[in-house]
Amino acid sequence: MSREKEDTLLYSNAVKLDFIPLYDVAFDSRFQIRIGLEYEKYISKNSSSTCYLDAGLYDRYDFIKYYGFFSQNQGMYSIQQRVSVTGFHLLPGYNYYFYTFRRNQNRRFFSSAVLDFGYYHKILSSLNTLTSVTEGNRYSQMKFGAGIGLGFKNSFGKHLFYELKTSMFAKLYNYISESGRNSIRSLDAQWTSPNYNFWWISNIKIGYAF
């Protein structure tokens, strides 16, 4: 085995850019401006601690509801509503590298234990075209979950590598600042259960070891 193939194992730190949030910004039906970044600190050759941050604008849309089609007194009018959701997900975790390829020790599988601290701030602004009155409302949601993951890492240079990871989470705690509001699903997830108690996140990251 060459020394060059082992180089990335000699570094104790790494930073990573997640391409999934960038893909969602470009191709998802929702309007988003967000980014996902991770820092990894190697504890030993087979284990590391991580901290991943996904933050930005997760959704923004306009909704118009019309009234008074059959009213002779007021005529037709509408309620124009603009909704935006900003926030972040902070995911600290632990990776254990349980399998390393013999012919290339920079190619490894790992398992993960991960926590998900999520915060959303939702703003609703409504304009009544009959009265020309604009009303605003906002509320926040904090959610905490825990999960397990499985990943694969492979280097393609002295410092550079890519990482594929998938994780499943379960909700442990959820708080909404205003009573009567519906819970917001995990907007960084590729799948969420109907009751929002479980969600699945996948990542495609490009990293730099140093």
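These are my notebook entries on strands, rings and hollow spaces in this structure, which is a predicted model.

**Entry 1: β9 and its partners**

I began with strand β9 and looked up what pairs with it. Strand β1 (residues 13-18) pairs with β9 in the antiparallel sense, over five bridges. For this pairing I noted two contacts: Val15 stands opposite Tyr208, and Ala14 stands opposite Ala209.

β7 also runs antiparallel to β9, and eleven bridges join them. Here I wrote down Ala170, which has Phe198 of β9 opposite.

β8 is another antiparallel partner of β9, with two bridges between them. Trp191 has Trp200 in β9 as its bridge partner.

**Entry 2: the other side of β1**

Next I followed β1 away from β9. β1 pairs with β2 as well, antiparallel and over six bridges. Leu17 has its bridge partner in β2, and that partner is Leu37.

While I was in β2 (residues 33-44) I stopped at Arg34, which is found in this strand. Is Arg34 buried or exposed? Its relative accessibility is 5%, so Arg34 counts as buried, the cut-off being under 20%. I also checked Arg34 against Thr86: the two are 52 residues apart in sequence, and their C-alpha atoms are 9.1 Å apart in space.

**Entry 3: the turn before β9**

I went back to the hairpin of β8 and β9, which has five residues between the strands. Which residue there takes a positive phi? It is Tyr196, with a phi near 65°. Tyr196 lies in the loop between β8 (191-192) and β9. I flagged the angle since Tyr196 is not a glycine. Most residues other than glycine have a negative phi. As for accessibility, Tyr196 has a relative accessible area of 27%, so I put it down as partly exposed, the class between 20% and 50%.

**Entry 4: aromatic rings**

Then I searched for rings. The whole structure gives 15 aromatic pairs. I looked at Phe169 and Trp199 in detail. Their ring centres are 5.8 Å apart and their planes meet at 10°, so I logged the pair as stacked; the cut-off for that is under 30 degrees. Phe169 belongs to strand β7 and Trp199 to strand β9, so this pair ties together parts that are 30 residues apart in sequence. Both residues are buried. The strands carrying these two rings are also the ones joined by eleven bridges.

I also traced a cluster: ring pairs link Tyr99, Phe101, Phe109, Phe152, Phe156 and Tyr162. One member, Phe101, has a charge over its ring: the charged end of Arg107 sits there, 5.8 Å from the ring centre. A second arginine, Arg108, lies over the face of Tyr97, at 4.0 Å from the ring centre.

**Entry 5: cavities**

How many cavities of 30 Å³ or more are there? I count two. The largest cavity holds about 90 Å³ of space. Its lining is made of Glu38, Thr50, Tyr52, Leu91, Val114, Lys165, Ser167, Phe169, Ile201, Asn203 and Lys205. The elements that give two or more residues to this lining are β3 (47-67), β7 (160-176) and β9 (198-209). By class I have five nonpolar, three polar and three charged residues. Phe169 turned up again here: the residue in the stacked pair with Trp199 is also one of the lining residues of the largest cavity.

**Entry 6: the largest pocket**

Last, I looked at the pockets. About 250 Å³ of space lies in the largest pocket. Which residues of its lining are closest to its centre? Of the 14 that line it, they are Tyr61, Lys122, Tyr139, Ser183 and Ile184. β3, β4 (77-100) and β5 (108-128) each supply at least two residues of the lining. Sorted by class, the pocket lining has eight nonpolar, two polar and four charged residues. I noted that β3 gives residues to this pocket and to the largest cavity.

Terms used: Residues numbered from 1 in each chain as written. Predicted model: local features only at pLDDT ≥ 70, side-chain atom pairs only at ≥ 80, totals over all residues. Heavy atoms only, no water. 1 Å grid on protein atoms, 1.4 Å probe; cavity = no way out; pocket = protein on both sides within 12 Å on 5 of 7 lines; lining within 4 Å. Points joined across faces, edges and corners; volume = space filled by probe spheres on them. Helix = DSSP H or I, 4+ residues; strand = E, 2+ residues; numbered from the N terminus. Nonpolar A, V, L, I, M, F, W, Y, C, P; charged D, E, K, R; others polar. Phe/Tyr/Trp six-rings, centres within 6.5 Å; stacked < 30°, edge-to-face > 60°. Buried < 20%, exposed > 50% of the residue type's maximum accessible area, 1.4 Å probe, protein only. Lys NZ or Arg CZ within 6 Å of the ring centre and 35° of its normal. Pairing = 2+ DSSP bridges.
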